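Colleague: I would like a close look at one part of this model, with the terms spelled out as you go. Please start from a single contact and work outwards.

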Amino acid sequence: NNSSWRFIDKAQVFTNPDNPFADVIKEDIQIVDIQQSLTAGDFVGAKVGDVDNSATPNNLVSTDDRTNGTLLFDVQDRKVTAGETLVVTLTADQVVKGYQYTLNLNGLKVDAIEGSTMTTENFAVFGDAVTTSWDAPTVFNGKASYTVTFTATKSGKLSEMLSVSSRITKAVAFLSTSLDESKKLDVALRFNNGNSSSIAGQAFELYQNTPNPWVNKTQIGFYLPEATQATLKVFDATGRVLYTAQGDFGKGYNAFVLDRRMLSGVETGSLFYKVETATDSGVKQMIQTK
């Protein structure tokens, strides 16, 4: 009979540390007539039920990513010239109850987004990506569709400038409002060009560790287009390998969990991590602090 997390005033001193519930737990800080920035209003987050310290903040997705098909968004492929404005429509190939994903942008800047059953709340625009999340209205039984107006910052081909990703919002769709695992779909783009078409699903991706900077524990997420073995290596700025881990992972989102104890004797500061498979690899930087 509790909440998942409790946030306690960092300044609170318990009269009996072995029984913190003997005191009233201070879970708010009151400031009267605030006139300047507050820099000392700190809280400590405690994960309820985490008896072995294994809970990882921000771990909101499962490593078990079984799906039963793919929701395709049809896009008309074309050549793009730097500086031009182009209107791109993405239309689902089947009726679904909801979906979400990240649309990576390579050489495209978003000017406007609109959809017949969508509002601005269904999208978030970042420098090189658009995230979208949509639940079908109760009275709607059609195929989801939305239109994006872009300005091209370089020349190229649209199929090389748009791609599906899970790096911000995880890519997944559902055939049912019950979120039944058997009704879960992958998400991909289908680029049409005359009488031919090509499907571009999620490729290998290495994500920024969360949290970052980190103190005691962090999670290194990555996406695999197919089940395979993956290896994690953590190294310092000189290239010295500090930690290595390996495992067999399924298709979809997976993660390595890195504990500070695995890097004993290592000075705090900038570190690098690499996740590698037989066909792909990626490297990112992280910051380990006291």
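Colleague: In β17, which residue is the bridge partner of L206?

Modeller: L206 has F222 as its bridge partner in β17. Before going further, this is a predicted model, in which local features need pLDDT of at least 70 and side-chain atom pairs count only at pLDDT 80 or more, while totals for chains, interfaces and linings use all residues. Residues are numbered from 1 along each chain as its sequence is written, and side-chain values use heavy atoms, with hydrogens and water left out.

The L206 contact belongs to an open sheet of three strands, ordered β16-β17-β20 and paired antiparallel. The edges are β16 (205–206) and β20 (252–259), each of which pairs on one side only. Strands here are DSSP runs of E at least two residues long, numbered from the N terminus, and two strands pair if DSSP finds at least two bridges between them. In general, strands of a sheet pair through backbone hydrogen bonds, either parallel or antiparallel.

On one side of β17, two bridges join it to β16, and the two strands run antiparallel. On the other side, β17 (residues 217–224) pairs with β20 in the antiparallel sense over eight bridges. Among the residues in register, T218 has L258 of β20 as its bridge partner, and I220 stands opposite F256 in β20.

Strand β17 is mostly covered, with eight of its eight residues buried. Buried means under 20% relative accessible area, exposed means over 50%, and partly exposed is in between (1.4 Å probe, protein chains only). K217, Q219, G221 and Y223 point one way from β17, whereas T218, I220, F222 and L224 point the other way, and all of them are buried. F222, the partner of L206, therefore belongs to the second of these buried rows.

The loop between β16 and β17 has features of its own. P211 is placed in this loop, and a cis peptide bond with an omega of about -10° joins T210 to it. P213 also lies in the loop between β16 and β17, and N212 is joined to P213 by a cis peptide bond with an omega of about 0°. For context, most peptide bonds are trans.

Aromatic pairs come next. The structure holds twelve of them. Rings of Phe, Tyr and Trp (its six-membered ring) pair if their centres lie within 6.5 Å; planes under 30 degrees apart count as stacked, over 60 as edge-to-face and the rest as tilted. One pair is outside this sheet: the ring centres of F73 and Y101 are 5.2 Å apart and their planes are at 50°, so the pair counts as tilted. F73 in strand β3 (residues 70–76) and Y101 in strand β6 (residues 98–105) are 28 residues apart, so to speak of distant parts of the chain is fair. Both F73 and Y101 are buried. Back at the sheet, Y207 and Y253 form a stacked aromatic pair, 6.1 Å centre to centre with 15° between the planes. Y207 lies in the loop between β16 and β17 and Y253 in strand β20, so the pair ties together parts 46 residues apart in sequence. Y207 has a relative accessible area of 6% and is therefore buried; at 10%, Y253 is buried too.

A second sheet can be set beside this one. It is open, has four strands in the order β19-β18-β21-β22, and is paired antiparallel. β19 (241–249) and β22 (281–288) stand at its edges with a single partner strand each, so one side of each is left without a neighbour in the sheet. In this sheet, β18 (residues 228–235) pairs with β19 in the antiparallel sense over eight bridges, and T228 stands opposite F249 in β19.

To return to the starting point, L206 of the edge strand β16 is bridged to F222 in β17, and β17 is in turn paired with β20 over eight bridges.
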